Amino acid sequence: MCADITTAEAPERKYDLITAFRFFLDAGPPLRVAVIRALALRLKNARSVLAFTNHGNPFSYKAIAWPYHQMRRRGRDRPIVGNYMTHSDVMELLAQANLKVVEQHGYGFVTPKLFRAAPTMAAKLERSCARRRFLNKFGVNKLYMVARADG
């Protein structure tokens with residue numbers, strides 16, 4: 001079945017697990033809010049989880065390339081601001097849907113260029129970084145596991 005869950009006509013089925021990968025960063029702010037609220041309504045109970053990713057964490061190696069990308073975009077018909085979503089942006093989005101973070105994990109510490117140049121070394125470095133909890137906030141990709149805040 002295919003339906004727009006942000007409309008009144010959408011079925012209101014309930015689920016134990018809902019996933020939304022690579023969606024929120026690319027959606028505009030009004031659509032983000034509409035979808036997160038619609039997904040929150042479809043969580044079956046307090047133990048049900050919504051898992052989603054933010055693949056544009058600016059507090060990662062992307063911060064190094066950000067000025068370069070902004071310079072390349074100047075004078076072109078592209079927005080100056082890149083596609084980034086901070087942890088604060090995510091928390092604000094969750095608050096609008098009465099959701100709380102149950103777990104979060106960072107990954108994507110190593111740039112894809114290093115994976116192409118030295119795949120074995122890059123994979124070892126990525127695994128090593130992923131095991132260090134304090135580095136969680138520095139992964140390009142962040143996986144959020146969230147549940148109802150009232151549960």
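This report describes the overall make-up of a predicted protein model, followed by two of its helical regions and one histidine.

## Overall architecture

The secondary structure of the protein chain consists of five helices and four strands. Along the sequence, these elements appear in the order β-α-β-α-α-β-α-α-β. Taken along the principal axes, the C-alpha atoms of the protein chain fill a box of roughly 50 × 40 × 30 Å.

The protein chain has 151 residues, of which 35% count as buried. Its contacts may also be described by separation in sequence. Among contacts between residues at least 6 apart in sequence, 78% join residues at least 24 apart.

## The packing of helix 1 and helix 3

Two packed helices are described by the angle between their axes and the distance between the axes. For helix 1 (residues 29-41) and helix 3 (residues 87-96), the angle is about 55 degrees, and the axes lie 9 Å apart. Angles from 35 to 65 degrees fall outside the roughly parallel and roughly perpendicular ranges, and helix 1 and helix 3 are therefore oblique to each other.

The crossing of helix 1 past helix 3 is right-handed. On the side of helix 1, the residues that take part in the meeting are R32, V33, I36 and R37; in helix 3, their counterparts are L93, L94 and Q96.

## The two sides of helix 5

Helix 5 comprises 13 residues, numbered 119-131. From its first C-alpha to its last, helix 5 reaches 18 Å, which is close to the 18 Å expected at 1.5 Å a residue.

Which residues of helix 5 are buried? They are A122, E126 and C129. These residues lie on the same side of helix 5, because they cover an arc of only 70 degrees around the axis. The other side of helix 5 carries the exposed residues T120, K124 and R131. The cover over the buried residues of helix 5 includes strand 3 (99-107) and helix 4 (112-117).

## H105 in strand 3

Strand 3, which helps to cover the buried residues of helix 5, contains H105. Is H105 buried, partly exposed or exposed? Its relative accessible area is 30%. Since buried means under 20% and exposed means over 50%, H105 is partly exposed.

When neighbours within four places in sequence are left aside, H105 is in contact with N136, N141, K142 and L143. H105 and D4 are 101 residues apart along the chain, and their C-alpha atoms are separated by 29 Å.

Definitions and conventions
Residues are numbered from 1 along each chain as its sequence is written. This is a predicted model: local features need pLDDT of at least 70, side-chain atom pairs count only at pLDDT 80 or more; totals for chains, interfaces and linings use all residues. Side-chain values use heavy atoms; hydrogens and water are left out. The expected span of a helix is 1.5 Å times one less than its number of residues. Buried means under 20% relative accessible area, exposed over 50%, partly exposed in between (1.4 Å probe, protein chains only). The arc is that of the directions from the helix axis to the C-beta atoms. Contact means heavy atoms within 4.5 Å. Axes are lines fitted to C-alpha atoms, for helices over the stretch in contact, and angles run from 0 to 180 degrees between N-to-C directions. Angles under 35 degrees count as roughly parallel, over 145 as roughly antiparallel, 65 to 115 as roughly perpendicular and the rest as oblique. A crossing is left-handed if the near helix is turned anticlockwise from the far one by less than a right angle, and right-handed if clockwise.
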